[in-house]
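Hi everyone, thanks for making time this morning. Please pull up the structure on your screens, and I'll walk you through a few parts of it.

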Amino acid sequence: MKTIMIVDDTKTARLCLKFSLKLKGFHIIDSSNGKDALEKLDAIFPPSLIITDIHMPEMNGIEFIMCLRRNDAYRFTPIIVLSSDELKGKEALVKGANAYVLKSTNTFDEIMDCIQKLVGGNGTA
């Protein structure tokens with residue numbers, strides 16, 4: 001089973017993504033900020049994919065991505081950034097994200113398109 005880590009300080013965003021991705025067969029680990037996510041990653045195997053927000057307390061998404069890319073275990077882990085700010089999304093790509101999705105009404109469909117391209121379509125494949 002493929003594992004996706006969701007990192008977002010907005011509880012409802014995490015819950016919506018978690019619920020929707022579980023229906024697609026993925027195992028989900030979630031975290032409320034980059035610092036907490038790094039601590040959780042120390043205790044598990046690298047996930048198949050990470051979805052992160054940008055604007056979060058403790059450690060924002062850009063800082064989180066930079067920390068991951070400095071660690072050999074996560075250097076090539078696919079990262080999708082969710083952002084309402086296109087400039088921050090582009091900055092995340094420069095810092096090491098593989099894709100960014102602007103938050104909108106079609107966000108989940110776009111996330112699934114990115115997941116399909118980066119790790120395959122469902123969590124059980």
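Let's start with helix α4, residues 86-95, which lies across β4 and β5. Against β5, helix α4 runs at about 170°. Please keep in mind that this is a predicted model.

Now look at the two strands under discussion. Strand β4 covers residues 79-83, and four bridges join it to β5. The two strands run parallel. If you'd like one pair to find on screen, take Ile-80: its bridge partner in β5 is Ala-99.

Let's step back to the sheet. What is the order of its strands? Reading across, you get β2-β1-β3-β4-β5, an open sheet of five strands with parallel pairing. The edges are β2, residues 27-31, and β5, residues 99-102. Each of these has a single partner strand, so one side of β2 and one side of β5 are left without a neighbour in the sheet. On average, neighbouring strands here are turned by 20° against each other, ignoring direction.

Next, the pockets. The largest pocket has a volume of about 150 Å³. Its lining includes Asp-8, Leu-82, Lys-103 and Phe-108. Which elements give two or more residues to that lining? They are α1, residues 11-23, and α5, residues 107-119. Helix α1 gives the most, with four residues. As for the character of the lining, six of its residues are nonpolar, three are polar and two are charged.

I mentioned Lys-103 as part of the pocket lining, and that residue turns up again in my last topic. How many salt bridges does a search of the whole structure find? The search finds eight. One of them pairs Asp-53 with Lys-103, with the closest N and O atoms 3.2 Å apart. Asp-53 sits in strand β3, residues 49-53, while Lys-103 is in the loop between β5 and α5, so this pair ties together parts that are 50 residues apart in sequence.

So, if you want one residue to click on after the meeting, try Lys-103: you'll find it both in the lining of the largest pocket and in a salt bridge with Asp-53. Thanks for listening!

Conventions
Residues are numbered from 1 along each chain as its sequence is written. This is a predicted model: local features need pLDDT of at least 70, side-chain atom pairs count only at pLDDT 80 or more; totals for chains, interfaces and linings use all residues. Side-chain values use heavy atoms; hydrogens and water are left out. Two strands pair if DSSP finds at least two bridges between them. Axes are lines fitted to C-alpha atoms, for helices over the stretch in contact, and angles run from 0 to 180 degrees between N-to-C directions. Contact means heavy atoms within 4.5 Å. On a 1 Å grid over the protein atoms alone, a cavity is a set of points where a 1.4 Å probe fits but cannot get out, and a pocket is an open set with protein on both sides within 12 Å along at least five of seven lines; lining residues have an atom within 4 Å of a point. Grid points are joined across faces, edges and corners, and a volume is the space filled by probe spheres set on the points. Ala, Val, Leu, Ile, Met, Phe, Trp, Tyr, Cys and Pro count as nonpolar, Asp, Glu, Lys and Arg as charged, and the others, Gly among them, as polar. A salt bridge is a side-chain nitrogen of Lys or Arg within 4 Å of a carboxyl oxygen of Asp or Glu.
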